[in-house]
Amino acid sequence: MTETRYDQSHDTPVDVGLSLPETAAVPSVDGMGCHAGADQMAAAARSAGNSEILDRYARDYPQGPHDKPQSMCPAFGSLRVGLRMRRVATVLSGSACCVYGLTFVSHFYGARRSVGYVPFNSESLVTGKLFEDIRDAVHELADPDRYDAVVVTNLCVPTASGVPLRLLPNEINGVRIVGIDVPGFGVPTHAEAKDVLAGAMLNYARKEVMAGPVQAPAAGRSDRPTVTLLGEMFPADPMMIGAMLAPLGLAVGPVVPCREWRELYSALDSKVVAAIHPFYTAAIREFQAAGRKIVGSAPVGYDGTMAWLAAIGDAYGVNPAQVAAAQNAFGGAIKGALAANPIKGRITLSGYEGSELLVARLLIESGADVAYVGTACGRNEWSEPDRAWLEDKGVVVKYRASLEDDVKAMQALQPDLAIGTTPVVQKAKELAIPALYFTNLISARPLMGPAGAGSLAQVINAAMGNKARMDGMKAFFEGVGHGDTAGIWEGSPNLRPDFRAAHQKKLDKQARAAKAEEMI
């Protein structure tokens, strides 16, 4: 695949329909549910015929010391991608409690549309009726006047039971049907779940491009070569990147995950893809299958921007003098912004968004002493430039970091500020360490180029300035208790350590029995 051919005569998508298959009964996960262990659920999924999916996820998203997510349900990531797209309907298949939680969180984060749900019980799961219900639901939803695509997502129990979304038709009435499995026992983080859906959509769009002309971009094609950006980012960042690309004779392309189906064609049309967030393994695979070059890292800080512009110029064969001119044009502004917005203090940083290494680079160039960076995402070649730069500065970089890793680093390093996930922030505040939630307060800011260079100083410095207030709060609440003794007691609580010891013995015995069964 060398070039995307656009259909200029009309806006109707290419017909790539398949006939509706026969349904079949699927195995059930008897006696299991969301509370079941990851190993049990994975074993059930393999016995139900989903080994290929789990093997692919194991290659794309290698897991670390913890065998299940420690953040929110991974499916929130793929759900978010679908809900942010225009003319795309989303349907979930999973336990009611999971669907409730996912829809609650999605609307909490600003979703303004309904989420479809196909309920099930043990009987419909065992007999295959659930698959028939899902098929009926997508047929009902497939209205080409309203939708370009319908996304159906299997959560843990349907995936473990082998509900075969691959048997759904590829399209109905011109509406694309995209089925994905996003089990918590196969996809470690919600960030990587975004890649599951983005990769599936790119795969579908790439096949459409190969089949013939497709819809042209709503705003028309760029008159300059474009660079597709991979990874969700602050809205101002693509504009800043576009300004930095202009002296190279290039333009910024779509951001993947996209907001509209036809943007996928434009994304595939770019000859170079910037993996701003490096964990989009499935998406990168589709771009590489289309013959596109991938450039890692991002234009953050001075060093990062200079290296990134050089890498983009090299990928597109831009004259080195032209690259140097672009570097000179923006290098001074970045240095000036960093100098005008200094950050002084020791910081530990952790999160599950996948941009933790980029933020750490920016903090260090702003003057901060970043001692530890933990990311829940896995290590791959596209994050290597950032890892190498950070480790050269003496930073400990931990991939697939667990909550325990992040808390241990914070306790050992006693930073002036801890940036992390909700439980890390909670633990920091218990210790009177100022803390900021990474997702809402750090990643929701511009990071690229001159605009990003000075964006973090105000919120970081303000938080570090709260140390005296944190100490005062800790002193005020000193003595009210902790853990079992939290609160104000007239007498000592009845803890009954003998009961706890007996119960712990039962748990240990059950664990030994389970281990013995595994060995058999």
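**Buried contacts, cavities and ring pairs in the predicted model**

D386 is placed in helix α15, which spans residues 384-392. The model examined here is a predicted one. With a relative accessibility of 3%, D386 counts as buried. Leaving aside residues up to four places away in sequence, D386 touches S297, L357, L358 and R361.

D386 also takes part in enclosing the largest cavity, whose lining consists of P278, F279, G354, E356, L357, L358, T375, C377, G378, S383, D386 and Y399. The volume of this cavity is about 90 Å³. In the whole structure, a search finds 4 cavities of 30 Å³ or more. Helix α14 (residues 356-365) provides the largest share of the lining of the largest cavity, namely 3 residues. By class, the lining residues of the largest cavity divide into 6 nonpolar, 4 polar and 2 charged.

F279, one of the residues lining the largest cavity, leads to the aromatic pairs. A pair of aromatic rings is described by the distance of the centres and the angle of the planes. The count of aromatic pairs comes to 4. Among them is the edge-to-face pair of Y204 and W261, with 5.6 Å from centre to centre and 90° between the planes. Because Y204 belongs to helix α8 (residues 190-211) and W261 to helix α10 (residues 261-269), this pair ties together parts that are 57 residues apart in sequence. Y204 counts as buried at 9% relative accessibility, and W261 counts as buried at 0%. F279 and Y280 form a stacked aromatic pair, with a centre-to-centre distance of 4.6 Å and an angle of 25° between the planes. F279 is buried at 3% relative accessibility, and Y280 is buried at 0%.

Charged side chains also lie over aromatic faces. K335 is placed over the face of Y302, at 4.4 Å from the ring centre. R496 lies over the face of F499, at a distance of 3.9 Å from the ring centre.

The second largest pocket holds about 910 Å³ of space. Its lining comprises 32 residues, of which R56, R166, G179, A200 and N203 are the closest to the centre of the pocket. At least two lining residues are supplied by each of α2, β6 (175-181), α8 and α11. Helix α8 accounts for the largest share of this lining, with 7 residues. In terms of residue class, the lining of the second largest pocket has 17 nonpolar, 6 polar and 9 charged residues.

Two of the helices that supply this lining were examined further. In helix α11 (residues 281-289), the buried residues are A282, A283, I284, E286 and F287. Just after α11, G291 adopts a positive phi of about 80°. Helix α2 covers residues 51-60 and includes I53. I53 has a relative accessible area of 16% and is buried, whereas E52, also placed in helix α2, counts as exposed at 65% relative accessibility. Between I53 and M410, the C-alpha to C-alpha distance is 37 Å, and the two residues are 357 residues apart in sequence. The C-alpha atoms of E52 and A243 are separated by 43 Å, with their positions 191 residues apart along the chain.

Several backbone features occur in loops. The peptide bond from V256 to P257 is cis, with omega near 5°. P257 is placed in the loop between β9 (251-256) and α10. N173 has a positive phi of about 55°, although N173 is not a glycine. The loop that contains N173 runs between β5 (171-172) and β6. With a relative accessible area of 54%, N173 is exposed. R400, likewise not a glycine, has a positive phi of about 50°. R400 is found in the loop between β14 (396-399) and α16 (403-413). The relative accessible area of R400 is 4%, and R400 is therefore buried under the cut-off of 20%.

Terms used. Residues are numbered from 1 along each chain as its sequence is written. This is a predicted model: local features need pLDDT of at least 70, side-chain atom pairs count only at pLDDT 80 or more; totals for chains, interfaces and linings use all residues. Side-chain values use heavy atoms; hydrogens and water are left out. Rings of Phe, Tyr and Trp (its six-membered ring) pair if their centres lie within 6.5 Å; planes under 30 degrees apart count as stacked, over 60 as edge-to-face and the rest as tilted. Helices (H or I, at least four residues) and strands (E, at least two) are DSSP runs, numbered from the N terminus. Buried means under 20% relative accessible area, exposed over 50%, partly exposed in between (1.4 Å probe, protein chains only). A charge sits over a ring if NZ of Lys or CZ of Arg is within 6 Å of the ring centre and within 35 degrees of the ring normal. Contact means heavy atoms within 4.5 Å. On a 1 Å grid over the protein atoms alone, a cavity is a set of points where a 1.4 Å probe fits but cannot get out, and a pocket is an open set with protein on both sides within 12 Å along at least five of seven lines; lining residues have an atom within 4 Å of a point. Grid points are joined across faces, edges and corners, and a volume is the space filled by probe spheres set on the points. Ala, Val, Leu, Ile, Met, Phe, Trp, Tyr, Cys and Pro count as nonpolar, Asp, Glu, Lys and Arg as charged, and the others, Gly among them, as polar.
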